Amino acid sequence: MAYLDKEGTEWECRVVKAVRDARWMAGTIPKDSSGGQPFDIWAFHGQYGCMIDCKVIHSMRFLLSRIEDYQRAYMRESMETGCMGRTYVLSMTSEGEKIAMIPWRNIISEIDKGKKSIQLDNYIVERI
């Protein structure tokens, strides 16, 4: 488990750096006393804000069970207020590293349809 935590923390740091390099203000959100957080990173550019969740996986299929119940509720609430949110997924496989960016609206839509996972092929980005 510590290895996965280390992977996740390193991925969050990479995303923050990439967002800052794109001239956005960005930082990580500290975990609460139970070890949870509604999302990992805040980012602002001008009048626009975005909340970002980061996940590391070892396949090209993102299991929607990786989104905790409280995260789903937060995604829904934030979208209702007009806020943007995205999940950046780092897929590390024998074929190399791939990065996917999935808007929260797509994650919630798939969950509402009863889907269990999202194939990452449609969400691959060359870089953050």
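This is a short tutorial dialogue on reading a few features of a predicted model.

Reader: Let's start with the sheet. How do its strands hold together, and what order do they take here?

Author: In general, strands of a sheet pair through backbone hydrogen bonds, either parallel or antiparallel. Here you have an open sheet of six strands, and reading across gives β1-β2-β3-β5-β6-β8, with mixed pairing. The edges are β1 and β8 (124-125), each of which pairs on one side only.

Reader: Which strand does β5 run antiparallel to, and how many bridges join the two?

Author: Strand β5 (residues 84-93) runs antiparallel to β6, with eight bridges joining them. For a single pair to click on, take L90: its bridge partner in β6 is I99.

Reader: And what about β1? Where does G27 sit, and is G27 buried or exposed?

Author: G27 is in strand β1, which covers residues 25-28. With a relative accessible area of 6%, G27 falls under the 20% cut-off, so it counts as buried.

Reader: Which residues does G27 touch, leaving out those up to four places away in sequence?

Author: V16, R20, D40, I41 and W42. Take V16 from that list: G27 and V16 are eleven residues apart in sequence, while their C-alpha atoms are 6.1 Å apart in space.

Reader: Now the hydrophobic side. Where do nonpolar side chains tend to go?

Author: In soluble globular proteins, they tend to be buried together. In this model the largest nonpolar core has 18 residues, and F62, V89, I102, I107 and L120 are the ones that touch the most other members. Three elements give two or more residues to this core: β3 (48-57), β6 (96-103) and α3 (104-112). Helix α3 gives the most, with four residues.

Reader: What is I107 in contact with, beyond its neighbours within four places in sequence?

Author: The list for I107 is L64, I67, M75, T87, I102 and I118. Apart from this core lies another one, of 14 residues, with W11, V16, A26 and L90 among them.

Reader: Going back to α3, is E110 buried or exposed?

Author: E110 lies in helix α3. It is buried, with a relative accessible area of 18%. Setting aside neighbours within four places in sequence, E110 is in contact with L64, K115 and I118.

Reader: What about S117: where is it found, and which side chain makes a polar contact with it?

Author: S117 is found in strand β7 (residues 117-119) and is buried at a relative accessible area of 16%. The side chains of S117 and R61 are joined by a polar contact of 2.9 Å. R61 is also on the contact list of S117, along with F62, L63 and L64, once neighbours within four places in sequence are left aside.

Reader: On to the rings. How is a pair of aromatic rings described?

Author: By the distance of the centres and the angle of the planes. This structure holds three aromatic pairs. One of them, W42 with F44, is tilted: 5.8 Å centre to centre, with 40 degrees between the planes. W42 is partly exposed at 26% relative accessibility, and F44 is partly exposed too, at 44%.

Reader: And which kind of pair do Y74 and W104 form?

Author: Y74 and W104 form an edge-to-face pair, 6.4 Å centre to centre and 80 degrees between the planes. Y74 lies in helix α2 (residues 69-80) and W104 in helix α3, so the pair ties together parts that are 30 residues apart in sequence. W104 is buried, at 0% relative accessible area, whereas Y74 is partly exposed at 25%. Together with F39, Y74 and W104 form one aromatic cluster.

Reader: Last one: what is a disulfide, and how many does this structure hold?

Author: A disulfide is a covalent bond between the sulfur atoms of two cysteines. This structure holds zero. C13 is in no disulfide, and the nearest cysteine sulfur to its own is that of C54, 9.4 Å away. The cut-off is 2.5 Å between the sulfur atoms, so a pair at 9.4 Å does not count.

Reader: Are C13 and C54 buried or exposed, or something in between?

Author: C13 is partly exposed, with a relative accessible area of 49%, whereas C54 counts as buried at 9%.

Definitions and conventions:
Residues numbered from 1 in each chain as written. Predicted model: local features only at pLDDT ≥ 70, side-chain atom pairs only at ≥ 80, totals over all residues. Heavy atoms only, no water. Buried < 20%, exposed > 50% of the residue type's maximum accessible area, 1.4 Å probe, protein only. Contact = heavy atoms within 4.5 Å. Core = buried A, V, L, I, M, F, W, Y, C linked by side-chain atoms within 4.5 Å. Polar contact = N/O pair within 3.5 Å; in protein donor to acceptor, adjacent residues only side chain to side chain. Phe/Tyr/Trp six-rings, centres within 6.5 Å; stacked < 30°, edge-to-face > 60°. Pairing = 2+ DSSP bridges.
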